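The following exercises concern helix packing and burial. Please consult the sequence and the coordinates before reading each solution.

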Amino acid sequence: SERLWPPYSRLPKRRMEVVDLNNLQLGQDFTNANALTNAEVFILLKECAEPEMDLPDLTQKTLDYVRRFGQYNSDQEVLGRVRDELTAFALEPFEIAALINLNIENVDEAKALVPSLSSRFDGEQLQDVIKIISRNKQIV
């Protein structure tokens, strides 16, 4: 009898996706996805949880994480205004969420941590973006 090794060779072949962060080609899984900031995740989880409700372990850990690392204002009105201001710069939702979640403080960090920005924005434009984000960060 024919034996296939390794066992996964029986699985259907999937076409390899091209992922290129420099050009915001994030793969099929992200085609229709909306990137959220930690503050937005916090808001969603708090709205879903009722007071005194026992949350599933993973949900509670996620809530604890976004509460601990979400150093950004979690006021929905502020978040909406900031998203609008950053969208006016032609930033993609993924870039907006990354810049806010990574707590970017300078242009070099922005270019290093969000590679797609390097080819599309100059230092002055990125500094303006960072000012908008910093202006709305909460004091932790």
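**Exercise 1.** Against which helices do the buried residues of H3 pack?

*Solution.* The model is a predicted one. Begin with the residues concerned: Val78, Leu79, Val82, Arg83 and Leu86 are the buried residues of H3. Viewed down the helix axis, these residues fall within an arc of 135 degrees, so they line one face of H3. Their packing partners are H1, H4 (93–101) and H6 (123–135). On the other side of H3, the exposed residues are Gln76, Glu77 and Asp84.

**Exercise 2.** Compare the expected span of H3 with the distance between its end C-alpha atoms.

*Solution.* H3 comprises 12 residues. The expected span is 1.5 Å times one less than the number of residues. For H3 this gives 16 Å, and the end C-alpha atoms are 16 Å apart, which agrees.

**Exercise 3.** Describe the packing of H1 with H3 by geometry and by residue class.

*Solution.* Two packed helices are described by the distance between their axes and the angle between them. The axes of H1 (residues 38–48) and H3 (residues 76–87) come within 11 Å and cross at roughly 145 degrees. The crossing of this pair is left-handed. From H1, the residues in contact are Ala39, Glu40, Ile43 and Glu47; from H3, they are Gln76, Leu79 and Arg83. Sorted by class, this contact has 3 nonpolar, 1 polar and 3 charged residues. Of the H3 residues in the contact, Leu79 and Arg83 are also among the buried residues of that helix, whereas Gln76 is exposed.

**Exercise 4.** Is Thr37 buried or exposed, and which residues does Thr37 touch beyond four places away in sequence?

*Solution.* First, locate the residue: Thr37 lies in the segment before H1. Next, apply the cut-off for burial, which is under 20% relative accessible area. Thr37 has a relative accessibility of 1% and therefore counts as buried. Finally, list the contacts: leaving aside residues up to four places away, Thr37 touches Leu79, Arg83, Ala97, Ile100 and Asn101.

**Exercise 5.** Place these details within the chain by stating its secondary structure pattern, its buried fraction and its share of contacts between residues 24 or more positions apart.

*Solution.* The chain has 6 helices and 0 strands, and its pattern along the sequence reads α-α-α-α-α-α. Of its 140 residues, 29% are buried. Among contacts with a separation of 6 or more, 62% come from residues 24 or more positions apart.

Terms used: Residues are numbered from 1 along each chain as its sequence is written. This is a predicted model: local features need pLDDT of at least 70, side-chain atom pairs count only at pLDDT 80 or more; totals for chains, interfaces and linings use all residues. Side-chain values use heavy atoms; hydrogens and water are left out. Axes are lines fitted to C-alpha atoms, for helices over the stretch in contact, and angles run from 0 to 180 degrees between N-to-C directions. Helices (H or I, at least four residues) and strands (E, at least two) are DSSP runs, numbered from the N terminus. A crossing is left-handed if the near helix is turned anticlockwise from the far one by less than a right angle, and right-handed if clockwise. Contact means heavy atoms within 4.5 Å. Ala, Val, Leu, Ile, Met, Phe, Trp, Tyr, Cys and Pro count as nonpolar, Asp, Glu, Lys and Arg as charged, and the others, Gly among them, as polar. Buried means under 20% relative accessible area, exposed over 50%, partly exposed in between (1.4 Å probe, protein chains only). The arc is that of the directions from the helix axis to the C-beta atoms.
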